[in-house]
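Please take a moment to look over the sequence and the model below before reading on. The paragraphs that follow begin with single residues and then turn to the chain as a whole.

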Amino acid sequence: MRPTGAYYEQILQLAQADVTTDFEREVLSDGVVTRSEYEEMFSRFSECMASAGYEVELSADSYGRYTYATEGKAGVSEADARCATGTINPLAALYNDFVVNPSGEDPDILRVACLKRHRVVAESYTVEQFAKDMADPSSRVVTPSNPEVARCITDPNA
């Protein structure tokens with residue numbers, strides 16, 4: 001099923017503008033990043049890192065979204081950036097957005113609702129305030145170091 005909504009269409013267009021490989025163009029040809037395509041992109045990323053001499057450890061969250069850790073050897077950042085291009089960037093973010101937000105709503109609306117549910121912010125708190133607070137590192141309202149805030153940012157359905 002293809003996700004719908006203005007937000008999803010916007011990020012799909014941004015992703016299509018950023019692709020650089022035939023693999024990415026093929027993945028985006030139908031406007032959907034499937035689970036098997038997601039697995040393939042992480043497989044390609046891991047293989048690229050391995051051929052550069054770095055081991056990648058993948059961990060999946062409750063949605064099956066991957067995070068990864070690499071060895072802290074010299075040059076890992078450069079290899080990470082090189083291997084991510086054309087494999088997991090920008091496609092993984094598109095997949096992650098879809099599995100958490102299949103309706104294609106603006107994710108900040110969902111994040112603010114989550115913050116309200118967890119009583120991190122007042123009921124009168126707005127999406128505009130959230131955007132302003134996220135852009136301001138001195139904000140005392142929305143601090144990503146707060147576990148409830150971090151959870152709502154990564155999983156607004158929490």
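Asp 133 is buried in this predicted model, and yet this residue has no salt bridge. The nearest side chain of opposite charge belongs to Lys 132, and the distance to that side chain is 6.6 Å; because a salt bridge requires a side-chain nitrogen of Lys or Arg within 4 Å of a carboxyl oxygen of Asp or Glu, a separation of 6.6 Å does not qualify. As for its setting, Asp 133 belongs to helix α7, which covers residues 127-135. When residues up to four places away in sequence are set aside, Asp 133 touches Tyr 125, Ser 139, Val 141 and Val 142.

Glu 24 can be read in a similar way. This residue sits in helix α2, made up of residues 22-28, and it is buried without a salt bridge, the nearest side chain of opposite charge being that of Arg 25, 6.0 Å away. What lies 2.6 Å from a polar atom of the side chain of Glu 24? It is the backbone nitrogen of Thr 20 that is found at this distance. Leaving aside neighbours within four places in sequence, Glu 24 is also in contact with Val 19 and with several residues further along the chain, namely Gly 86, Thr 87, Asn 89, Pro 90 and Leu 91.

Ala 52 offers another place to pause, since it is found in the loop that runs between α3 (35-51) and β1 (56-60). Is Ala 52 buried, exposed or partly exposed? With a relative accessible area of 29%, Ala 52 is partly exposed, because that term covers values between the 20% limit for buried and the 50% limit for exposed. Ala 52 touches Ala 79 and Arg 82, not counting residues up to four places away in sequence, while the C-alpha atoms of Ala 52 and Asp 80 are 9.4 Å apart in space although 28 residues separate the two in sequence.

The view can now widen to the whole protein. It contains 8 helices and 2 strands, which follow one another along the sequence in the pattern α-α-α-β-β-α-α-α-α-α, and its C-alpha trace spans about 50 × 40 × 25 Å along the principal axes. Of its 158 residues, 38% count as buried, and among contacts with a separation of 6 or more, 59% are between residues 24 or more positions apart. The accessible surface comes to about 8900 Å², with 52% of it belonging to carbon and sulfur atoms. Finally, the protein carries 14 positive and 26 negative side chains, and the centres of these two sets are 6 Å apart.

Note on methods. Residues numbered from 1 in each chain as written. Predicted model: local features only at pLDDT ≥ 70, side-chain atom pairs only at ≥ 80, totals over all residues. Heavy atoms only, no water. Helix = DSSP H or I, 4+ residues; strand = E, 2+ residues; numbered from the N terminus. Buried < 20%, exposed > 50% of the residue type's maximum accessible area, 1.4 Å probe, protein only. Lys, Arg positive; Asp, Glu negative; His and termini not counted. Polar contact = N/O pair within 3.5 Å; in protein donor to acceptor, adjacent residues only side chain to side chain. Contact = heavy atoms within 4.5 Å. Areas by Shrake-Rupley, 256 points an atom, 1.4 Å probe, with all protein chains shown as cover. Charge placed at Lys NZ, Arg CZ, Asp CG, Glu CD.
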